[in-house]
Amino acid sequence: MFNILTLNKIAKCGLDQLNDNYKITDDANVDADGIILRSFKMHDMELPESLKAVARAGAGTNNIPIDKCSEKGIVVFNTPGANANAVKELVILGLLISSRKVTAAIDWAKTLKGKGDEVGKLVEKGKSQFVGPEIMGKKLGVIGLGAIGVLVADAAIALGMEVYGYDPYVSVDAAWRLSSHVKHIKNVEDIYKECDYITVHVPALDSTKGMINKDAFAMMKDGVKILNFARDILVNDDDMIEALASGKVAKYVTDFPNAKIAGVDNVITLPHLGASTEESEDNCAVMAVKEIVDFIEN
Ligand code: MLT
């Protein structure tokens, strides 16, 4: 019998893959053989001697102490690609809501409640304040061409954007999936200099922390729009606030609100919704469970 500890809610269709040889528990005091989690932060957790493998139902592994696990011979899995479509769809939304002032327009339209027959007239008079550009024909820079970045790049091509892709570590598989219309950029600075929209899809590592900072902003076009559906620490928040205040950055759409950035003018924050679709939660759970079982049994 193997104990599988879940540290977050994991989709049932994933856990259903475990047969009678496995006991699923959320009691952190059991001697777990495997751990399955989403965003639970494991850094302060005592790792049981019995632990053989950890599976993150998601792409990022920055909530897992990988060094500590490696020292103890505990294997760490993630589920690359399993939630990529869900994130891609939200990035496309990010492109659109950073263009026309959709979020402000929705709030404003709510204020028309109770205005009776005047509503039609008020709409036509008020709408000009929410005008914005189309994305077709604009330049999108995609930094990081993993499972998510590739889908975003290909979808943006389909929407008529000119897409610049940068990833010095692109895999052969990802390269095969990438549209041949995506411009291969060898120096990230060319993305900063050329693009109207920039979206980051890289992991949170010491080497990527704060990569979107004042030096990067200095190279960017005035009025650039930045999208961050990867991790908050990729962006230097103080530099971002300055760039927004000066108009260098017109909009910052982030899936990671924090104390500094939430509520700042021209920041659109979503509550880490990237992977929050039923489909993606199912895909991630199934992949994570299969990885753990394969490792334990084979
Ligand atoms: C990811 O790293 O793939 C996402 O953060 C997953 C999630 O939202 O749970």
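The legends below describe an overview and several close-up views of a predicted model.

**Figure 1. Overview of the predicted chain.** The chain holds 11 helices and 12 strands. Along the principal axes, its C-alpha atoms fill a box of roughly 70 × 50 × 35 Å. Of the 298 residues, 47% count as buried. Among contacts with a separation of 6 or more, 59% come from residues 24 or more positions apart.

**Figure 2. Surroundings of the ligand.** Arg38, Ser39, Arg56, Gly58, Ala59, Gly60, Asn83, Arg231, His272 and Ala275 are the residues around the ligand. Oxygen atoms of the ligand take part in several polar pairs. Glycine 60 places a polar backbone atom 2.8 Å from a ligand oxygen. With asparagine 83, a polar side-chain atom is 2.7 Å from an oxygen atom of the ligand. A polar atom in the side chain of arginine 231 lies 2.8 Å from a ligand oxygen. Histidine 272, which is among the residues around the ligand, belongs to the loop between S12 and H11. Its phi is near 45°, a positive value in a residue other than glycine. With a relative accessible area of 34%, histidine 272 is partly exposed.

**Figure 3. The salt bridge between arginine 38 and glutamate 281.** The N to O distance in this pair is 3.2 Å. Arginine 38 sits in the loop between strand S3 (34-37) and strand S4 (53-56), and glutamate 281 in helix H11 (residues 278-297), so the bridge ties together parts that are 243 residues apart in sequence. Both partners are at intermediate accessibility: arginine 38 is partly exposed at 23%, and glutamate 281 is partly exposed at 31%. Arginine 38 is also one of the residues around the ligand. The count of salt bridges comes to 11.

**Figure 4. Salt bridges of the loop between H9 and S10.** Lysine 221 and aspartate 196 meet through their side chains in a salt bridge of 2.9 Å, N to O. Aspartate 196 lies in the loop between helix H8 (188-194) and strand S9 (197-200), whereas lysine 221 lies in the loop between helix H9 (214-219) and strand S10 (224-228), so parts 25 residues apart in sequence are tied together. Aspartate 196 is partly exposed, at 21% relative accessibility, and lysine 221 is partly exposed, at 29%. Aspartate 222 forms a salt bridge with lysine 248, with the closest N and O atoms 3.0 Å apart. Lysine 248 is in the loop between helix H10 (237-246) and strand S11 (249-254), aspartate 222 is in the loop between H9 and S10, and the two are 26 residues apart. Here the partners fall in separate accessibility classes: lysine 248 is buried at 16% relative accessibility, while aspartate 222 is exposed at 66%.

**Figure 5. Aspartate 167, a buried acidic side chain without a salt bridge.** Aspartate 167 is placed in the loop between strand S7 (162-166) and helix H7 (172-177). The nearest side chain of opposite charge is that of arginine 177, 9.8 Å away; a salt bridge requires a separation within 4 Å. Polar atoms of the aspartate 167 side chain instead lie 2.7 Å from the backbone nitrogen of leucine 145 and 2.8 Å from the backbone nitrogen of tyrosine 169. Beyond its neighbours within four places in sequence, aspartate 167 is in contact with Gly144, Leu145 and Gly146.

**Figure 6. The nonpolar cores.** The largest nonpolar core has 29 residues, of which Leu95, Leu140, Val142, Ala153, Met161, Val163 and Phe229 touch the most other members. At least two residues of this core come from each of helix H3 (84-97), strand S6 (139-143) and helix H6 (147-158). Among residues more than four places away in sequence, valine 163 touches Leu140, Val142, Ala153, Ala156, Ile157, His181, Val182 and Lys183. A second, separate core has 28 residues, including Val200, Met220, Val249 and Val267.

**Figure 7. Asparagine 266 and its backbone.** Asparagine 266 lies in the loop between S11 and strand S12 (267-269). Its phi is near 70°, which is positive although the residue is not glycine. Asparagine 266 is partly exposed, with 35% relative accessible area.

Note on methods:
Residues are numbered from 1 along each chain as its sequence is written. This is a predicted model: local features need pLDDT of at least 70, side-chain atom pairs count only at pLDDT 80 or more; totals for chains, interfaces and linings use all residues. Side-chain values use heavy atoms; hydrogens and water are left out. Helices (H or I, at least four residues) and strands (E, at least two) are DSSP runs, numbered from the N terminus. Buried means under 20% relative accessible area, exposed over 50%, partly exposed in between (1.4 Å probe, protein chains only). Lys and Arg count as positive and Asp and Glu as negative; His and the chain ends are not counted. A polar contact is a pair of N or O atoms within 3.5 Å; within protein, one must be able to donate a hydrogen and the other to accept it, and residues adjacent in sequence count only if both atoms are side-chain atoms. Contact means heavy atoms within 4.5 Å. A nonpolar core is a set of buried Ala, Val, Leu, Ile, Met, Phe, Trp, Tyr and Cys residues joined through side-chain atoms within 4.5 Å. A residue is near a molecule or strand if one of its heavy atoms lies within 4 Å of it.
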